[in-house]
Each structure stands twice: as C-alpha cells, then as structure tokens.
Amino acid sequence: MDELIDAAREVQDDAHVPYSDYPVGAALRTADGSVYVGCNIENANYSNSLHAEEVAIAEAVKEGHREFDALAVSSARRDGVTPCGMCRQTLAEFCDDDLPVVCDEGDDTTTYTLGQLLPDTITEEMLE
C-alpha cells in the first residue's frame with residue numbers, strides 16, 4: 001500500500017485549492033494493477049468542485065476499467081482524511097464493500113473497507 005500512499009501524496013502538488021488550502025490526493029488501483037490518481041479541484045461555486053477520489057475513478061473508468069482493488073487517500077495535513085459521502089457512493093457504484101480504503105496519517109495509515117465507511121449503500125437493485 002506504500003505505493004498508493006506515495007502516489008496520493010505526490011498528486012497533491014497538482015491540486016487547485018485556492019479557497020480551502022486543503023490539497024487532497026487519491027490513488028486508485030485497478031484489478032490489473034494499474035494506478036490512477038486524482039487531486040481535488042476547487043471552484044468558487046463549491047458545488048462544482050471535484051474531489052480527488054472522483055477524479056481518480058473518472059480517469060480509470062474513462063480508460064475502460066470497472067474493477068478496483070484498493071484506494072489510498074491523503075491530505076497535505078496527513079490527518080487521516082477519508083472519502084466524503086458523495087465519493088463513497090461513487091466508489092460503491094464500481095467497488096465491492098470489501099474494497100480497502102487506506103487513509104494517510106503521516107507516519108501511519110488506517111485502513112477501512114468501503115462497507116465500513118458506507119454501510120447500507122444505495123444500489124442499482126434499490127432503484128428497480
């Protein structure tokens with residue numbers, strides 16, 4: 001998981017965060033071992049801002065990936081940031097409940113599963 005944390009840390013340099021000054025990076029590994037990264041991109045209209053996890057998954061899906069096996073998230077503060085609710089739901093569209101989500105705490109990490117972070121998710125079956 002060190003490779004994913006390193007990738008999430010590195011992409012923070014590309015974040016556009018003029019309002020929060022809170023750069024976040026995410027690294028998403030596909031089932032075939034490819035790694036896609038994303039950083040947060042803020043907008044003066046906060047609802048138009050993009051989250052790092054969304055950017056990473058969009059890049060991977062755009063390239064045809066639909067199976068993922070791990071996600072790492074890191075903020076410049078190394079405060080153990082987890083994906084927000086919206087990002088959790090987006091991840092749940094493509095990932096099983098057992099997806100490991102590794103959160104950067106600086107010298108250490110905490111790993112959750114997506115199911116722990118988003119119990120009772122909204123699923124496609126619920127919409128039928």
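Helices, which I count as DSSP runs of H or I with at least four residues, are numbered from the N terminus. With that settled, I note that the model I am reading is a predicted one.

**Entry 1: helix α2 and what follows**

I began just after α2, where G64 takes a positive phi of about 95 degrees. Turning back to the helix, I asked how many of the residues of α2 are buried. I found that eight of its eleven residues are buried, so I have written α2 down as mostly covered. The buried ones are A52, E53, E54, V55, A56, I57, A60 and V61, and I see that this list holds E53 and E54 beside the alanines and valines. I then looked up what these buried residues pack against, and the partners turned out to be β1, β2 (35–39), β3 and α3.

**Entry 2: the nonpolar cores**

Next I looked for the place where nonpolar side chains gather. In soluble globular proteins, nonpolar side chains tend to be buried together. In this model the largest nonpolar core has 21 residues, and the members that touch the most others are L28, F68, L71 and L99. I listed the elements that supply at least two residues each to this core, and they are β1 (24–30), α2 (52–62), β3 (68–75), β4 (100–104) and α4 (114–117). The largest share, five residues, comes from α2, the helix I had already recorded as mostly covered.

I followed L28 further, leaving aside residues up to four places away in sequence, and found that L28 touches S34, V35, Y36, A56, I57, A60, F68, A70 and L71. Three of those names, A56, I57 and A60, I had already met among the buried residues of α2. Apart from the largest core lies another one, of eight residues, with A7, A27, A70 and A72 among them.

**Entry 3: cysteines**

I searched the whole structure for disulfides and found zero. Why is C84 not bonded to C87? The sulfur of C84 is 3.7 Å from that of C87, its closest cysteine sulfur, and a disulfide needs the two sulfur atoms within 2.5 Å, so the pair is too far apart for a bond. For C95 the closest cysteine sulfur is also in C87, but at 12 Å, which is again too far for a bond. I also looked up how covered these residues are: C84 counts as partly exposed at 28% relative accessibility, whereas C95 counts as buried at 8%.

**Entry 4: salt bridges**

Side chains of opposite charge can pair when their charged atoms come close. I counted four salt bridges in the structure and followed some of them.

The salt bridge between D104 and R9 has its closest N and O atoms 2.7 Å apart. Because D104 lies in strand β4 and R9 in helix α1 (residues 2–11), this pair ties together parts that are 95 residues apart in sequence. D104 is buried, at 0% relative accessibility, while R9 is partly exposed, at 25%.

R78 also forms a salt bridge with D104, the closest N and O atoms being 3.4 Å apart. R78 sits in the loop between β3 and α3 (85–94) and D104 in strand β4, so here the parts tied together are 26 residues apart in sequence. I noted R78 as partly exposed, with a relative accessible area of 28%. Through shared partners, the salt bridges join R9, R78 and D104 into one network.

A further salt bridge joins the side chains of E59 and K62, at 3.4 Å from N to O. Both residues lie in helix α2, three residues apart, which I read as about one turn of the helix. E59 is partly exposed, with a relative accessible area of 33%, and K62 is exposed, at 56%.

**Entry 5: the surface**

Which residues make the nonpolar surface patch of about 360 Å²? I found I122, M126 and L127 there. M126 lies in the segment after α4 and is exposed, with a relative accessible area of 54%.

Last, I looked at E3, which is found in helix α1 and counts as exposed at 52% relative accessibility. From E3 to D14 I noted eleven residues in sequence and 18 Å in space, taken from C-alpha to C-alpha.

Terms used. Residues numbered from 1 in each chain as written. Predicted model: local features only at pLDDT ≥ 70, side-chain atom pairs only at ≥ 80, totals over all residues. Heavy atoms only, no water. Core = buried A, V, L, I, M, F, W, Y, C linked by side-chain atoms within 4.5 Å. Buried < 20%, exposed > 50% of the residue type's maximum accessible area, 1.4 Å probe, protein only. Contact = heavy atoms within 4.5 Å. Patch = residues over 30% accessible without salt bridge, like charges linked within 9 Å, V, L, I, M, F, W, Y side chains within 5 Å. Areas by Shrake-Rupley, 256 points an atom, 1.4 Å probe, with all protein chains shown as cover.
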